[in-house]
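Q: Please take me slowly through one part of this protein, beginning with an open space in the model and then moving on to the residues and packing elsewhere. I am new to reading structures, so please explain terms as they come up.

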Amino acid sequence: MTAIHTRAPALTIRAGSRALARLREKPLEPSDIHVIPGAAGGPKALGISGLDKAIFGDWLPRVEQERALIGSSIGSWRFAAIASSDNPRAQLARLAELYTHQRFTKGVSAEEVTRKSIQFLDELLGGREDYLLTHPWYRLNIVVVRSLGLLQHDSKGRLGLGLMSAISANMLNRRYLTRFMERGIVHDPRLKTPVSGLADFPRHEVVLSRDNLLSALLASASIPMVMSGVRNIPGAPEGVYRDGGLLDYHLDLPYEQPGIILYPHFTDRIVPGWFDKVLPWRTGDATRLQDVLLISPSREYLESLPDRKLPDRKDFERYEGDDAGREQAWRRAIAESDRMGDEFLELIENGCLVDRIQSF
């Protein structure tokens with residue numbers, strides 16, 4: 001493994017008050033982890049692939065116990081990949097390669113992006129559905145939103161007007177988004193959803209099955225104007241479903257669990273909803289973060305990457321006409337992310353994790 005003292009730290013580690021107090025009493029062990037959130041963020045997931053491989057491929061399997069994985073958008077796709085095989089390292093590598101190899105022409109239609117996304121999921125999970133649904137210890141929870149009002153439409157005019165109205169409402173108060181969307185959680189029936197007291201938005205829960213697995217995953221990543229909405233997820237209330245990150249971008253939720261919430265994340269900031277990205281004052285609820293241990297790339301690590309950042313969706317525009325250049329940059333970021341995984345494992349093994357923790 002890479003010696004962590006030979007270069008600047010690759011990780012920023014933050015913890016809520018209760019998690020920090022617990023870790024000061026005893027070192028972190030896999031048995032402490034019962035819930036793992038996965039944020040929306042598109043290609044950013046590729047940039048923490050090495051961290052995911054260390055956590056899900058090396059560390060968590062040391063204690064085989066029931067764990068809830070709850071994700072929106074690419075977070076749900078990461079977790080579906082992890083739970084779809086007894087070799088999560090290989091599936092995470094496949095997810096990264098499939099995403100990296102995507103190419104879109106300028107002005108590509110939402111219908112075409114949706115078609116390619118369906119093909120993506122089929123290549124990633126085709127033939128693995130039953131393994132995912134019966135995984136011995138992972139329980140998948142997929143976060144989606146059911147569209148209301150003008151957000152039910154896919155025509156650019158109506159949908160655009162609906163989005164502008166939602167953005168304006170959210171600027172005033174996040175709770176006003178109840179006029180535009182409803183939270184849905186499609187969950188493994190073997191375990192109840194890992195959230196409690198969640199009353200900020202209307203909500204429904206749907207049992208995850210072979211019939212709705214792929215449509216729920218597709219809906220969870222269906223960004224308005226970029227992809228088409230998914231109509232009528234089997235088993236769910238009728239309607240048009242879209243990206244779960246619209247409401248739950250970084251999954252700022254009241255988790256119910258007996259230990260520490262391990263959160264491998266793209267950034268050390270918790271942003272409640274997609275529309276809050278441009279609102280620096282809109283951050284995670286301290287009460288909800290009490291049990292969270294958040295692991296993310298350090299600023300020094302990001303400075304060492306191509307373009308000095310993780311891969312993101314804007315790279316499709318930044319590298320327009322140079323897909324080979326984009327793919328090269330993304331593959332380098334994916335390869336470099338092994339440093340984060342190595343550092344996490346070394347901090348655990350050396351008992352030094354608690355020394356690196358900062359409070360939220």
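A: A pocket, in the sense used here, is an open set of grid points with protein on both sides within 12 Å along at least five of seven lines, and its lining residues are those with an atom within 4 Å of a point. The volume of such a space is the space filled by probe spheres set on the points. Please keep in mind throughout that this is a predicted model.

With those terms in hand, we can turn to the second largest pocket, whose volume is about 210 Å³. Its lining is made up of L98, H101, Q102, R103, K116, Q119, F120 and E123. Helix 5, which runs over residues 110–125, supplies the largest share of this lining, namely four residues. If we sort the lining residues by character, two are nonpolar, three are polar and three are charged.

From the pocket we can move to a single residue, H135, which sits in the loop between helix 6 (129–133) and strand 4 (138–147). Because its relative accessible area is 2%, and buried means under 20%, H135 counts as buried. The side chain of H135 reaches the backbone nitrogen of Y138 at 3.1 Å. When residues up to four places away in sequence are set aside, H135 touches A83, S85 and R190.

A83 also serves as a reference point for A54, since the C-alpha atoms of A54 and A83, although 29 residues apart along the chain, are separated by 15 Å. A54 belongs to helix 2 (residues 49–59), and it is buried, with a relative accessible area of 1%. Beyond its neighbours within four places in sequence, A54 is in contact with W59, R89, G341 and L345.

W59 leads us to the largest nonpolar core, which has 93 residues, and in which L28, F56, W59, L132, I142, L293 and F344 touch the most other members. Helix 3 provides the largest share of this core, seven residues. In soluble globular proteins, nonpolar side chains tend to be buried together. Looking at F344 more closely, and leaving aside its neighbours within four places in sequence, we find that it is in contact with L11, L51, I55, W59 and I295. There is also a second, separate core of 13 residues, which includes V145, L163, A166 and L247.

Burial can also be followed along a whole helix. Seven of the eight residues of helix 8 (residues 213–220) are buried, so this helix is largely enclosed by the rest of the structure. The buried residues of helix 8 are L213, S215, A216, L217, L218, A219 and S220.

Finally, two loops deserve attention for their backbone angles. Most residues other than glycine have a negative phi. S73, however, has a positive phi of about 55° although it is not a glycine, and this residue is found in the loop between strand 3 (67–72) and helix 3 (74–83). D307, likewise a residue other than glycine, has a positive phi near 65°, and it is placed in the loop between helix 9 (299–303) and helix 10 (315–318). As for their surroundings, S73 counts as buried because its relative accessibility is 6%, whereas D307, at 38% relative accessibility, counts as partly exposed.

How values were computed:
Residues numbered from 1 in each chain as written. Predicted model: local features only at pLDDT ≥ 70, side-chain atom pairs only at ≥ 80, totals over all residues. Heavy atoms only, no water. 1 Å grid on protein atoms, 1.4 Å probe; cavity = no way out; pocket = protein on both sides within 12 Å on 5 of 7 lines; lining within 4 Å. Helix = DSSP H or I, 4+ residues; strand = E, 2+ residues; numbered from the N terminus. Nonpolar A, V, L, I, M, F, W, Y, C, P; charged D, E, K, R; others polar. Buried < 20%, exposed > 50% of the residue type's maximum accessible area, 1.4 Å probe, protein only. Polar contact = N/O pair within 3.5 Å; in protein donor to acceptor, adjacent residues only side chain to side chain. Contact = heavy atoms within 4.5 Å. Core = buried A, V, L, I, M, F, W, Y, C linked by side-chain atoms within 4.5 Å.
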